[in-house]
Amino acid sequence: MSLDLVRLISAVIQVFTFLIIARAIGSFFIRDWSSGIPRFLWDVTEPVLGPVRRILPAFGGLDFSPLVVIVLLQFVGGFLRGAGG
């Protein structure tokens, strides 16, 4: 895989990770996710977080899907960086 492609994918993974973190932090403060930046965060991250949330068992009302997705993204990013040279 070309180094430029690996860098691009790594950058996308990093941006997506930041979006997930922003959504997780925002979930403590934002009540209305229907417009603006909260809506953007929801629309971008929910297609990935939703399926993971449905797979994970309940942990006392805590949502660990952001943590699981971030760990998986970091694993994939590390693998790609290792494969890219």
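Is W42 buried, exposed or partly exposed? W42 comes out as partly exposed, with a relative accessible area of 30%, because that value sits between the 20% that marks buried and the 50% that marks exposed. Keep in mind that what you're looking at is a predicted model. The chain has three helices and zero strands, so along the sequence you simply read α-α-α.

**Overall layout**

- Taken along the principal axes, the C-alpha atoms fill a box of roughly 45 × 30 × 15 Å.
- The chain runs to 85 residues, and 29% of them count as buried.
- R81 sits in helix 3, and its C-alpha atom is 7.9 Å from that of R7, even though 74 residues separate the two along the chain.
- R81 counts as partly exposed, at 44% relative accessibility.

**Helix 2, the bent one**

- Helix 2 covers residues 36-55, which makes 20 residues.
- At 1.5 Å a residue, helix 2 should span 28 Å, and its end C-alpha atoms are 29 Å apart, so the two figures agree.
- There's a bend in helix 2 all the same: about 60 degrees, at E46.
- A proline, P47, follows E46 within four residues.
- E46 is also one of the buried residues of helix 2, along with P38, L41, T45, L49, G50 and V52.
- As a rule of thumb for reading such a list, an α-helix has 3.6 residues a turn, so residues three or four places apart point the same way.

**The largest pocket**

- The largest pocket has a volume of about 340 Å³.
- Its lining is made up of 14 residues, and those closest to the centre are A24, S27, F28, D63 and P66.
- Helix 1 (3-26), helix 2 and helix 3 (65-84) each give two or more residues to that lining.
- Helix 2 gives the most, with three residues.
- Sorted by class, the lining has nine nonpolar, two polar and three charged residues.

**Aromatic pairs**

- How many aromatic pairs does a search of the whole structure find? The search turns up two.
- One pair is W33 with W42: the ring centres are 6.1 Å apart and the planes stand at 50 degrees, so the pair is tilted.
- W33 is buried, with a relative accessible area of 16%, because the cut-off for buried is under 20%, whereas its partner W42 is partly exposed at 30%.
- The other pair is F59 with F64: the ring centres are 5.2 Å apart and the planes stand at 90 degrees, so the pair is edge-to-face.
- What tells the two geometries apart is the plane angle: over 60 degrees counts as edge-to-face, under 30 as stacked, and the rest as tilted.
- F59 is partly exposed, with a relative accessible area of 41%, and F64 is partly exposed too, at 33%.

**Where F64 sits**

- Where is F64 placed? You'll find F64 in the loop between helix 2 and helix 3.
- F64 and A24 are 40 residues apart in sequence, and their C-alpha atoms are 9.7 Å apart in space.
- A24 is a name you've met already, as one of the residues closest to the centre of the largest pocket.

Key: Residues numbered from 1 in each chain as written. Predicted model: local features only at pLDDT ≥ 70, side-chain atom pairs only at ≥ 80, totals over all residues. Heavy atoms only, no water. Expected span 1.5 Å × (residues − 1). Bend = angle between axes of the 7 residues up to and from the residue. Buried < 20%, exposed > 50% of the residue type's maximum accessible area, 1.4 Å probe, protein only. 1 Å grid on protein atoms, 1.4 Å probe; cavity = no way out; pocket = protein on both sides within 12 Å on 5 of 7 lines; lining within 4 Å. Points joined across faces, edges and corners; volume = space filled by probe spheres on them. Nonpolar A, V, L, I, M, F, W, Y, C, P; charged D, E, K, R; others polar. Phe/Tyr/Trp six-rings, centres within 6.5 Å; stacked < 30°, edge-to-face > 60°.
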